[in-house]
Amino acid sequence: QNKNKSNLLIEKPSFCRLGWGGTPDLRLMWNGIYTIWDWKSTRSCLGEGVKKKPKSKSHYTEAFIQEAAYAISHNIEDANDKLPKIEQAVTCVCYDWREPHLFVLDKEQLKEAAATYIERFGMYQQITGNRFPIKMDS
């Protein structure tokens, strides 16, 4: 339960001074830990009578990396005395044929995903020749 509604952020953009931004679906206190929550939906493309299986955790690797980027941005720019730091991520996959499934990244798994994001961001900077932050002309 989220007794402190002031830390419930729904689709609130977060912009990081290091050069990226985005809009997480939800930031909230979940099971006592401040969490990035991402909704995913999937429809079955299989015909009737065909056994359906949910997608594995590895199918959502890119979503975990995106959630980590949101967490980094939140922890640098938005965390304060009223908003705690993000320490976990939840990907909630909603199916059209079964109950939703949650994939939870704990603090260590979120750190691993963040390291992957930072590595990719560094490669992007090398390829494009861009260095962030960039001073914007007014």
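## A charged pair next door in sequence

Glutamate 99 comes out as partly exposed, with a relative accessible area of 49%. Keep in mind that this is a predicted model. The partner of glutamate 99 is arginine 98: the two form a salt bridge, and their closest N and O atoms sit 3.0 Å apart. Arginine 98 is partly exposed too, at a relative accessible area of 25%.

Side chains of opposite charge can pair when their charged atoms come close. The count for this model comes to 6 salt bridges, and two others are worth a look.

## Salt bridges involving helix α2

Start with glutamate 62 and arginine 120, which make a salt bridge with 2.7 Å between the closest N and O atoms. Glutamate 62 belongs to helix α1 (residues 61-78) and arginine 120 to helix α2, so this pair ties together parts that are 58 residues apart in sequence. As for accessibility, glutamate 62 has 47% and counts as partly exposed. Arginine 120, at 36%, is also partly exposed.

Then there's a pair inside one helix. Glutamate 108 and lysine 111 meet through their side chains in a salt bridge, 3.7 Å from N to O. Both residues lie in helix α2, 3 residues apart, which is about one turn of the helix. Glutamate 108 is partly exposed at 47% relative accessibility, and lysine 111 is partly exposed with a relative accessible area of 47%.

## Aromatic contacts

On to the rings. A pair of aromatic rings is described by the distance of the centres and the angle of the planes. This model has 8 aromatic pairs by count. One of them joins tryptophan 20 to phenylalanine 121 in an edge-to-face arrangement, with 5.0 Å from centre to centre and 70° between the planes. Why does this pair tie together parts that are far along the chain, 101 residues apart in sequence? Because tryptophan 20 is in strand β3 (residues 20-22), while phenylalanine 121 is in helix α2 (residues 107-128).

Are these two rings buried or exposed? Tryptophan 20 has 12% relative accessibility, so it counts as buried, the cut-off being under 20%. Phenylalanine 121 is buried as well, at 13%. The pair also has company: Trp20 and Phe121 belong to one aromatic cluster together with Tyr117 and Tyr124.

## Putting it together

Helix α2 turns up in several of these contacts. Arginine 120 in helix α2 pairs with glutamate 62 of helix α1, and phenylalanine 121 in helix α2 pairs with tryptophan 20 of strand β3. Of these, arginine 120 is partly exposed, whereas phenylalanine 121 is buried.

How values were computed
Residues are numbered from 1 along each chain as its sequence is written. This is a predicted model: local features need pLDDT of at least 70, side-chain atom pairs count only at pLDDT 80 or more; totals for chains, interfaces and linings use all residues. Side-chain values use heavy atoms; hydrogens and water are left out. Rings of Phe, Tyr and Trp (its six-membered ring) pair if their centres lie within 6.5 Å; planes under 30 degrees apart count as stacked, over 60 as edge-to-face and the rest as tilted. Helices (H or I, at least four residues) and strands (E, at least two) are DSSP runs, numbered from the N terminus. Buried means under 20% relative accessible area, exposed over 50%, partly exposed in between (1.4 Å probe, protein chains only). A salt bridge is a side-chain nitrogen of Lys or Arg within 4 Å of a carboxyl oxygen of Asp or Glu.
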